[in-house]
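Biologist: I would like to learn how to read a protein model, one feature at a time. Where should we begin?

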Amino acid sequence: MHEMWRGADTSGEPVWHVLTADKTLTLCGVKKRAEPSSRAPTDKHCFPCMKAFQAAMASTKS
């Protein structure tokens, strides 16, 4: 199972990332840090994470 984590994109905007199995990195390579409570909620997702997640799910179907 994969878990989502709210972090920042390269511009500092909040986005949802997909975590690796060990939950220390995101699928796009960002290190997981504590989620700051001061950030505004977001419905944006990290496209590199989502692309990697989609590829991972496609490979499990084969």
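Modeller: Begin with a side chain that meets the backbone. This is a predicted model, and in it a polar atom of the Thr42 side chain lies 3.3 Å from the backbone oxygen of Pro14.

Biologist: Where is Thr42 placed in the chain?

Modeller: Thr42 sits in the loop between β2, residues 14–18, and α1, residues 47–61.

Biologist: Is Thr42 buried or exposed?

Modeller: To decide, compare the relative accessible area with a cut-off: under 20% means buried. Thr42 has 17% relative accessibility, so it counts as buried.

Biologist: Which residues is Thr42 in contact with, leaving aside its neighbours within four places in sequence?

Modeller: The list is Arg6, Pro14, Val15 and Trp16. Take Arg6 from that list: it is found in strand β1. At 12% relative accessibility, Arg6 counts as buried.

Biologist: How do I see the order of the elements in the protein?

Modeller: Follow the chain from the N terminus and note each element as it comes. Here the order is β-β-α, which gives two strands and one helix.

Biologist: How do β1 and β2 run, and how many bridges join them?

Modeller: For a pair of strands, look at the direction of each and then at the residues that face each other. β1 and β2 run antiparallel, and five bridges join them. Met4 has Val18 in β2 as its bridge partner, and Gly7 stands opposite Val15 in β2.

Biologist: What lies between the strands of this hairpin?

Modeller: Five residues lie between the strands of the β1 and β2 hairpin, and Gly12 takes a positive phi near 95° there.

Biologist: How far apart are Arg6 and Val18, in sequence and in space?

Modeller: Keep the two kinds of distance separate. Arg6 and Val18 are 12 residues apart in sequence, and their C-alpha atoms are 8.8 Å apart in space.

Biologist: How many residues of β1 and of β2 are buried?

Modeller: Count residue by residue along each strand. In β1, four of the five residues are buried, and the strand is mostly covered. In β2, four of the five residues are buried as well, so the rest of the structure largely encloses β2. For the whole protein of 62 residues, 23% count as buried.

Biologist: What about charged pairs: how many salt bridges does the structure hold?

Modeller: Look for oppositely charged side chains that meet. The structure holds one salt bridge. The side chains of Lys23 and Glu3 form it, at 3.7 Å from N to O. Lys23 lies in the loop between β2 and α1, while Glu3 lies in the segment before β1, so the pair ties together parts that are 20 residues apart in sequence.

Biologist: Are Lys23 and Glu3 buried or partly exposed?

Modeller: Partly exposed is the class from 20% to 50%. Lys23 has a relative accessible area of 33%, so it is partly exposed. Glu3, with 34%, is partly exposed too.

Biologist: What is the sign of phi at Lys23?

Modeller: Phi is a backbone angle, and its sign can be read for each residue. Lys23 has a positive phi of about 60°, although it is not a glycine.

Biologist: Which side chain does Thr20 join in a polar contact?

Modeller: Thr20 is also placed in the loop between β2 and α1. Its side chain and that of Asp22 are joined by a polar contact of 2.6 Å. Neighbours within four places in sequence aside, Thr20 is in contact with Leu25, Thr26 and Leu27.

Biologist: How do I read contacts over the whole protein?

Modeller: Ask how far apart in sequence the partners are. Among contacts between residues at least 6 apart in sequence, 43% join residues at least 24 apart.

Biologist: How much surface does the protein expose, and which atoms supply it?

Modeller: The protein exposes about 4,600 Å², and carbon and sulfur atoms supply 59% of that area.

Biologist: Last topic: what is the mean pLDDT of the protein?

Modeller: Read the mean together with the share of residues that reach a given value. The mean pLDDT is 86, and 87% of the residues reach 70 or more. Among the elements, β2 has the highest mean pLDDT, 92, and β1 the lowest, 90.

Note on methods. Residues numbered from 1 in each chain as written. Predicted model: local features only at pLDDT ≥ 70, side-chain atom pairs only at ≥ 80, totals over all residues. Heavy atoms only, no water. Buried < 20%, exposed > 50% of the residue type's maximum accessible area, 1.4 Å probe, protein only. Contact = heavy atoms within 4.5 Å. Areas by Shrake-Rupley, 256 points an atom, 1.4 Å probe, with all protein chains shown as cover. Polar contact = N/O pair within 3.5 Å; in protein donor to acceptor, adjacent residues only side chain to side chain. Salt bridge = Lys/Arg side-chain N within 4 Å of Asp/Glu carboxyl O. pLDDT = per-residue confidence, 0-100. Pairing = 2+ DSSP bridges.
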